[in-house]
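Subject: Handing over the structure

Hi,

Here is the structure I said I would pass on. Have a look at it first, and then read on for my notes.

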Amino acid sequence: MSQKAEPDLEAQIEEALGAAAEEAIEEDSGEMKPVIPEELVLLPLRDAVVFPMLIAPLSVGRPNSINLIDEAVSQSSRVIGVIAQRNPQIDEPTFEDVFEYGCAVVIRTLMRVPDSVRLIVQGIVRFRIVERLQEEPYLKAKIEVLADEPIVPEEAEEVEALRRSVAALFEQAVRLTPQLPDELLAMTTTVRESNVMADLVAAHMPLSLQDKQDVLEALGTRERLRKLLEVLGREVRVLELTSKVHSEVSAELSKSQREFYLREQLKAIQRELGEGEDTGAELEELRAQVEEAGMPEAALKEATRELDRLARINPGSPEYSVARTYVETMAALPWSASTTDNLDLENARSVLDADHSGLQKIKDRIIEFLAVRKVKREGAVRQPILCFYGPPGVGKTSLGMSIARALDRKFVRISLGGMRDEAEIRGHRRTYIGALPGQIIQGLRRAESNNPVFMLDEVDKLGTDFRGDPASALLEVLDPQQNSAFRDHYIDAPFDLSHVFFLTTANRLDTIPGPLRDRMEIIELGGYTEEEKLEIAKDHLVPRQLDEHGLSPRQLVFKDDALTALIQGYTREAGVRNLEREIANVTRKATLQFANGRKAKLTVTKRFVVTSLGAPRFQRDLVTERRLLPGMAVGLAWTPMGGDLLFVETALLPGTKGLLLTGQAGDVMRESATTALSYVRSHARELKIEPESFEKNEIHIHLPEGAVPKDGPSAGITMVCALVSLLTGQGLTKRLAMTGEVTLVGQVLPVGGIKEKVLAAHRAGVETVILPAENRKDFEEEIPEKIQARLTVRYVSNVGQVIRAAFPD
């Protein structure tokens, strides 16, 4: 709470202020002025300056300032110093934050309210700080009392002239300022002392803090009046200009009303003369467009009502353009316009195969949909709502365009990443200035079809804030039972979205709200194998980069070993986005040679790749990059970017702290580590481990790459094997990786992300993989047969089987 004059207190004592100020400046021999001590406590004020003889209300809220008031009241004098802050935003001002000059005041009235103290003080005399004594708990300084300098006879006439000029300007300012009461007009004639009158004028005028402080610091009457005259002159000029602008605005409003009246008369005259048919022709054209749009009854009723209202609105009115925009939007929407699906199954299959390699599950789903459309000739066919879920770079977005091409439908895409406003989906109500339909309706308007392939990209990255929750607004859009009557806030009429083929994409599912996830048919796109990446590079990536760089296949040829080197040594990803970047880097190097005059054909080999890009960034055999000592194990992890290896390192050291886990492990992984250690301790004798090892030592488990957060239960059996390896001193089988959740009794539970994990293991040179027995179906269905043939898989259901499979002895 700030220390400043309060408007409500001023209103209560406004009448008393003038009388009290006048009585205070009259010489009264019977009243003794308070004694001003040499050392004075100082109360900093925000945006306020108190002058001598002036009565002012103050509100004190700072705890230090309240303590200052309490100490001052406890003394008999009740005198404090008030001084203005240079910057009112500072909550704990020091001497550097306040002016050097202030005013000593006496506390006349004090009233305590919750959280603050309210005062009425009266100015006594100016002072100047001569020595700083303390800043805590409040400011205290040694001061010098500054009396007004007497008027010398040689300056008497000039002072009187300045006094009259100030009085005239003040009276003019009072007349031009509605906030100043007319009673102040009498103040300049009632107060005879020029110095007192200058203080009262400066106190009552709405001047800036610096201007008031300058008046306070002026000790001579002549200098004070000169300063005040300058400030008042500027203020009166501003007030006169403000009054002039206000008068011109009022005149302009009157002019606008007059023009409206004359325009209405002109319209009546034009009607009599048969003129002014342009607006009528435009309305008839709009009416024809509305009738041809094929709207349902509810939408046609709303559009017709707005058209009738439009005919009654003056074309010069702002409402006219708002209503016209609405009618034009309604007429432009594809209420009944649609495209005919191409039901040739072979054509659809060839289009999908030409655009994307692999992805058989999605291609089969599209062909099945076309088969249903081909067989079911009567009634509506339910449009699928698919969610393509997988790591970046696997072709989720481009697949939407391919599906639209296969079906001969229009394609619309909007990105939901970072969208936080619910109105982006449902639109704005027409009461708002600049209102627009939501992105769903706008997309259909751009497509000019009511059955496009509509892709909602990055649905897992929707946000939410005070403007609403877009994910909740999508619940109606993506529900086949409700979207046949989707009502956008702007058009305020039901629109049928049941013919739209909705596609969504996501990198992860846990950020999608459950009800929204339940409305979509989720199809997982796992990572590509090296063979699939090679085919994609030859069929799609290389031709596209040649075209973008202006080269022909006769000029630049990529050998298979060069592409394989790029895949294995320069990228490590589930998709092909980085692979395309590396192909583009190599293509630019080749383009530079052609730009320098090369004419002969250039063949990109493995040597050319190394020359262009430098040494490979990744080793083919990742599991041999690190020497696996006893106490180390290799796990498999799933990430939104695809699968990856998870190394687990353990160490035994003296101490009694038990288990120490490092490497940014989440809560679930911490619990998994505790479970693994408990299992090993409870089965120590079976595993030939001395029980005393746990009592005299503490175990440290570390997960390398500590900057990367890790969580989940799938590293359970990996931690068990690492602990057994540490405590028995035996190393694990080489080129072995594993994944699976472990329970306290030693059961191995299934985990997710098997395809991504197994592909990551294969890329890293793993030869043997330990998987939970219940994940056998995932391995056999999702992993290509070529990779299955290269891997040895051990299916386990308990920790005993894990130990036998993981250790060579």
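Below is what I found, going from the whole chain down to single residues.

Before anything else, please keep in mind that this is a predicted model.

**The whole chain**

You will be scrolling through a fair number of elements: the chain has 28 helices and 24 strands. Its radius of gyration is 42 Å, while the globule rule gives 28 Å for 809 residues, so the chain is more spread out than a compact globule. If you want a feel for the dimensions, the C-alpha trace spans about 115 × 100 × 65 Å along its principal axes.

As for what is covered and what is not, 47% of the 809 residues are buried. The chain exposes about 40600 Å², and 49% of that comes from carbon and sulfur atoms. Take the contacts between residues at least 6 apart in sequence: 74% of them join residues at least 24 apart.

On charge, there are 126 negative side chains and 100 positive ones, and the centres of the two sets lie 9 Å apart. There are 0 disulfides in the structure. Two cysteines you may like to click on are Cys-387 and Cys-721. Cys-387 has a relative accessible area of 0%, so it is buried. Cys-721 is likewise at 0% relative accessibility and therefore counts as buried.

**Around strand β1**

Glu-39 sits in strand β1, which covers residues 39-45. With a relative accessible area of 42%, Glu-39 is partly exposed. Setting aside neighbours within four places in sequence, Glu-39 is in contact with Leu-133, Lys-140, Ala-141 and Lys-142. For a sense of distance, try Leu-744: it is 705 residues from Glu-39 along the chain, and their C-alpha atoms are separated by 76 Å.

The loop between β5 (116-134) and β6 (139-146) holds Pro-137. Check the backbone there, as the peptide bond from Glu-136 to Pro-137 is cis, with omega near -5 degrees.

Two aspartates have backbone angles that I noted too. Asp-47, in the loop between β1 and β2 (55-60), has a positive phi of about 55 degrees although it is not a glycine. Its relative accessible area is 54%, so Asp-47 is exposed. Asp-115 is in the loop between β4 (101-113) and β5, and its phi is near 70 degrees, again positive in a residue other than glycine. At 66% relative accessibility, Asp-115 counts as exposed.

**A covered helix**

Now turn to helix α16, residues 470-477. How many of its 8 residues are buried? The count is 6, so the helix is mostly covered. The buried ones are Pro-470, Ala-471, Ala-473, Leu-474, Glu-476 and Val-477. Their cover includes three helices you can pick out, α14 (423-426), α15 (439-447) and α17 (514-518), along with the strands β9 (453-457), β10 (486-487) and β12 (501-506).

**Three more helix residues**

Lys-396 is in helix α13, residues 396-407. Is this lysine buried or exposed? Its relative accessible area is 9%, so Lys-396 is buried. Leaving out neighbours within four places in sequence, its contacts are Phe-388, Tyr-389, Gly-390, Pro-391, Met-455, Thr-505, Ala-506, Asn-507 and Leu-525. Glu-524 is 128 residues from Lys-396 along the chain, and the C-alpha atoms of the two are separated by 10.0 Å.

Ser-243 belongs to helix α7, residues 221-273. At 34% relative accessibility, Ser-243 counts as partly exposed. Between Ser-243 and Asp-421, 178 residues apart along the chain, the C-alpha separation is 43 Å.

Last comes Asp-539, in helix α18 (residues 530-548). Asp-539 is partly exposed, at 46% relative accessibility. The C-alpha atoms of Asp-539 and His-246 are separated by 73 Å, and the two residues are 293 apart along the chain.

That's everything I have for now. Happy browsing!

Best wishes

Conventions
Residues numbered from 1 in each chain as written. Predicted model: local features only at pLDDT ≥ 70, side-chain atom pairs only at ≥ 80, totals over all residues. Heavy atoms only, no water. Helix = DSSP H or I, 4+ residues; strand = E, 2+ residues; numbered from the N terminus. Rg over C-alpha atoms; globule rule 2.2 N^0.38 Å. Buried < 20%, exposed > 50% of the residue type's maximum accessible area, 1.4 Å probe, protein only. Contact = heavy atoms within 4.5 Å. Areas by Shrake-Rupley, 256 points an atom, 1.4 Å probe, with all protein chains shown as cover. Lys, Arg positive; Asp, Glu negative; His and termini not counted. Charge placed at Lys NZ, Arg CZ, Asp CG, Glu CD. Disulfide = S-S within 2.5 Å.
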